[in-house]
Every structure is written in C-alpha cells, then in structure tokens.
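Dear colleague,

I am passing this structure on to you, and I would be glad if you could look it over before reading my notes. What I found in it follows below.

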Amino acid sequence: MKRSVISISSLFKSLRFPVAGLALVFFLDGPPRPASAQTAKSDDPAQTRAWAPAAIEHAQKMRIFKDPDLGSQPTPPVIPRFEVDGDASGRIATFQPGGPTFTALNPFFQNLGTNGRTCFTCHQPQEGWTVSAAGVHARFKASGGTDPIFRLVDGATCPSDDVSTLKAKRETYKLLIEKGLIRVGIPLPAPEILQFKVVLKKVVDPYNCTTNPKTGLTSPTTGIMSMYRRVLPSTNLGFLSTIMWDGREPTLENQAIDATLTHAQGNPNTPLTVEQQRQIVDFETGIFTAQNFDKEAGNLHALHATGGPKPLLQQLAKFFIGVNDPFGMNPKGAPFDKHIFDLYKYWQDLRGNDTETEARKSVARGEVVFNTIPIKITGVAGINDVLKVKTSMDFAAHATIRPMPAIIRSRHPWTSASPTPEPRALRRSTFPDCRSSPSNALMVRSLDRLLWSPIRAAH
Ligand code: HEC
C-alpha cells in the first residue's frame with residue numbers, strides 16, 4: 001500500500017503524520033485500558049448501536065449501484081454432527097454436539113435479504129466458518145464472479161466500481177479475491193461527540209470510496225468511512241468476550257439483525273424475527289471448529305492429545321470471562337498461570353523416530369516454546385501505560401493478547417460514554433496474525449493450538 005498523509009484536526013489539537021493508506025484516528029477521552037468485557041459470554045451491554053442506523057442506511061443506499069448477478073447461495077442440505085473437510089495442512093472439523101443442522105430449516109442458511117446472500121455466503125465450515133482468500137478465489141473462478149459473495153454493497157472495493165465485464169469484476173473484487181476482505185462501511189460518530197475531522201483534500205484514498213460523497217464522506221465530519229476487514233469465524237462463539245473486530249455489536253442477536261440488513265441488504269421494515277435470531281444464535285453458538293488432523297503429525301487427538309473440536313465443548317463448560325487473566329483480574333481470584341498450553345503435553349515424551357512421532361514431538365516442543373519464551377512488551381498502549389511498566393517480561397508470547405480491541409473500543413466515541421471499567425478478559429480476535437493469514441488452515445491451526453489453550457489453564 002502506498003504511504004500517504006492524512007491530516008486530522010481535533011477539537012483539541014492538530015496532528016499530521018504519515019499512515020499507510022487511509023487511517024482513522026480516535027483520541028482517547030481517558031487512559032487506555034486492556035481488553036475487557038462486561039459480563040459473561042459474548043454480550044457486552046456497554047455497547048451502543050449508535051453506529052448502526054447510518055451503516056444500515058448506507059448499505060441500503062448502495063442499491064443505486066446495480067448488481068448484474070442475482071443468484072442465491074449454493075448450500076449443502078445438511079451440516080452433519082461431525083463435519084470434516086480437507087485443508088492445506090490436513091483436515092479441519094466442525095462438531096455440533098446438538099446434532100446435525102438441516103440448512104433449509106435454519107435462517108443462518110436462508111436467503112433473508114435481497115441480494116442472494118445468506119450468513120453461509122461468508123461463513124463456511126471448510127474455511128473455519130469464515131472465508132479464505134483462496135476459497136473466494138476458487139468461487140470467483142467456478143462461478144465466473146456470480147456467486148453471491150460478489151455483490152457490490154461490500155464485496156467490491158467500492159460499490160461504484162465497474163462490474164460490466166469479467167475482467168472489470170476481477171478488479172472490483174480484488175481485495176476480496178486476493179485478501180478475503182469485505183468492505184465495512186461505518187459512519188463517523190455524531191458531530192457532538194466527534195473529536196476530529198477528516199481534511200479530505202489531504203487524504204489519499206486509493207479506492208476512491210471514502211472520498212466519494214456517493215459512497216463515503218459527505219463532509220469532513222459526516223458520512224461513511226470504508227474499512228476493509230477479514231470475516232471473523234462464526235464458530236466457537238461461546239468463548240467470545242466482545243463481538244466484531246471493533247467490539248461494536250452488543251449481542252449476537254443484534255449482530256444477526258445488522259448482518260442481514262447490511263451484507264444481505266435485507267428490508268429494514270421486516271428485520272429478523274425473535275425466533276429467527278434465536279435459531280441463528282443457537283446454531284452459531286452450538287458449533288465447535290478446530291484442526292483435527294495434520295498431514296505430518298496425524299490425528300491431533302491421538303495418544304492423549306486434545307486437539308480437534310470435541311475438547312472445546314469441555315473447555316466451554318470451564319470457561320468464564322477473566323479465566324486465567326494475566327492482569328490479575330480473574331473474578332474467582334485464581335492467579336495467572338503462564339503454563340497455558342497443555343493440549344500436546346503427552347507428546348513430549350513419545351518414543352520412536354518415525355516421521356509422525358517426530359512431528360508430534362515437534363508440536364509438543366512448540367507448545368513448550370509458547371508456554372515459556374517471554375517476549376518484551378514495550379510501548380504498547382493499553383498495556384505498558386495502564387500497568388505503568390516500561391518493559392514487561394511477565395508474560396510469554398501467547399499470554400499477552402494484543403490490547404488492540406480495548407484501544408479501539410475505549411477510543412470509540414460510541415462507547416466512550418461508558419468505558420470499560422476493568423481489564424478483565426481478553427479477546428481472541430486480538431490475534432490479527434492468525435486471522436489475516438492467507439491460509440485459513442493455518443488460522444484454524446492457530447486457533448486450535450493457540451487460542452483455545454489459554455482457556456485450559458482455568459482448570
Ligand atoms: C458478505 C459477507 C458476510 C455475510 C453475508 C455475513 N457476514 Fe458475518 N462477518 C463478516 C465480516 C466482514 C465480519 C467482521 C466485520 C467487523 O468486525 O467489522 C463478520 C463478523 C461476524 C461475527 C462476529 C464474530 C466475532 O468473533 O466477533 C458473527 C457472529 C457473524 N459475522 C455472523 C453472521 C451472521 C449470523 C450472518 C447472517 C445473518 C452473517 N454473519 C453474514 C462478513 C459476513
């Protein structure tokens with residue numbers, strides 16, 4: 001991405017600094033805090049949906065740009081109780097303890113909007129219930145760019161882009177095909193709480209979307225900013241402490257309503273019924289996904305290892321917000337234990353030197369590395385400043401999840417009215433490295449090997 005200069009002047013100060021591409025900067029109205037959640041599970045009542053009406057209106061307004069394709073999403077008739085799919089490093093599996101889901105009967109798979117999309121369009125099991133760039137690329141090729149994921153509203157780099165030929169479509173959906181990115185159009189907060197303005201003349205907008213008043217900002221303080229974001233996995237959701245990359249959704253039910261009105265351009269006069277919301281949330285919180293088989297190490301739950309999706313169900317039973325909190329905020333008072341990973345501890349002492357055993361021992365050594373190698377944390381807003389520690393060596397690499405969402409959240413003018421009171425829990429989506437990986441398989445492996453393990457230390 002080109003380097004560019006954006007100038008943002010707030011009510012209090014003016015700044016000018018180089019950023020990569022177009023950046024939006026929020027100023028804090030209080031000190032940053034480490035990531036946290038308010039209550040159990042995924043709901044965060046501190047969130048307001050002040051951003052939602054304008055985001056929904058924007059998605060509806062984008063109908064002025066007509067999609068040439070109208071087809072609906074191809075969907076399998078059933079998601080079995082245990083589904084296994086091949087991926088780059090072996091096999092990924094989704095486990096539904098409650099039994100199979102017949103897709104015709106569940107609104108997650110139903111066409112509830114106007115552009116042919118369903119939740120399944122962007123959340124598919126073989127890709128860890130998200131989409132990978134490789135998967136999207138394959139869909140573009142197979143469908144000639146007609147699959148419902150290729151819709152102007154947010155599949156395109158900008159809804160105003162050209163889709164008149166296959167070649168033009170290839171360009172218009174480039175960020176989706178090459179990076180798995182969806183355009184998330186979010187309004188600037190209301191003028192009375194906005195603490196900056198965007199000096200449009202000085203913005204370099206490589207996609208001509210945020211700077212075009214039809215699709216973006218209508219003035220330096222009003223309109224839509226386009227963010228390009230990876231689709232988050234809609235699985236293992238019982239472990240969430242906040243919802244969406246920026247934590248802007250208060251509940252999964254609200255998330256489903258908004259997803260239907262934006263991604264699927266559903267009719268705002270007939271939003272999802274309470275029953276539809278319940279079915280969607282029941283489905284997506286009732287599935288567990290992880291890498292289940294590795295090409296080299298074989299079965300990831302062999303010889304007492306606990307990889308694969310099934311152990312996640314037991315993990316969930318032991319999970320609570322703040323479990324093994326490195327900031328000492330475990331509500332049950334238990335101290336932080338940095339020996340977090342124990343999925344593969346029994347593989348440390350395996351005997352034999354055949355390739356599979358060697359690969360297993362390697363996985364076990366990797367787990368030890370994650371548990372024990374400290375990484376210096378210096379100058380990280382949300383950690384060093386909050387803890388008043390210049391350099392922290394306390395946590396191993398895995399234990400300190402990046403505090404980004406907390407920073408974004410507490411900087412969000414929408415939420416700053418009720419900033420999160422205490423650093424209590426950490427959010428799994430703070431691993432951008434795993435999630436932005438081009439290989440979804442890798443991401444899911446990382447989920448399996450990295451993300452769920454912290455939870456284990458609770459027992
Ligand atoms: C066009 C693609 C697309 C469609 C269709 C779609 N989503 Fe998503 N989903 C995304 C993207 C992109 C994000 C992350 C956006 C963000 O954080 O700003 C996301 C995030 C989520 C999350 C948040 C997970 C987390 O870890 O916080 C859930 C849950 C979810 N979607 C469920 C759904 C449901 C339910 C539907 C159908 C009603 C749906 N999605 C339809 C693209 C899509």
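In this model, which is predicted, strand β5 pairs with strand β11 (residues 288-294) in the antiparallel sense, and six bridges connect the two. Within that pairing, Arg 91 has Phe 293 of β11 as its bridge partner. Strand β5, residues 90-95, is also joined by six bridges to strand β4, residues 82-87, and these two strands likewise run antiparallel. There, Val 84 is bridged to Ala 93 in β5, and β4 and β5 form a hairpin that leaves two residues between them.

Turning to the ligand, 28 residues surround it, and the closest are Cys 119, Cys 122, Met 244, Trp 245 and His 263. Two or more residues of this shell come from each of α2 (119-122), β7 (181-187), α6 (252-262) and α7 (274-285), with α6 giving the largest share, five residues. By character, the shell around the ligand divides into 17 nonpolar, seven polar and four charged residues.

Lastly, helix α9 (residues 355-372) has 18 residues, which at 1.5 Å a residue should span 26 Å, and this agrees with its end C-alpha atoms being 26 Å apart. Its buried residues are Arg 360, Val 363, Ala 364, Glu 367 and Asn 371. Because these buried residues fall within an arc of 95° when α9 is seen down its axis, they line one face of the helix. In general, an α-helix has 3.6 residues a turn, so residues three or four places apart point the same way. The face of α9 turned away from the buried side carries Thr 355 and Thr 372, which are exposed.

With kind regards

Notes. Residues numbered from 1 in each chain as written. Predicted model: local features only at pLDDT ≥ 70, side-chain atom pairs only at ≥ 80, totals over all residues. Near = placed C-beta within 6 Å. Helix = DSSP H or I, 4+ residues; strand = E, 2+ residues; numbered from the N terminus. Nonpolar A, V, L, I, M, F, W, Y, C, P; charged D, E, K, R; others polar. Pairing = 2+ DSSP bridges. Expected span 1.5 Å × (residues − 1). Buried ≥ 20, exposed ≤ 12 C-beta atoms within 10 Å, placed from the backbone. Arc of directions from axis to C-beta.
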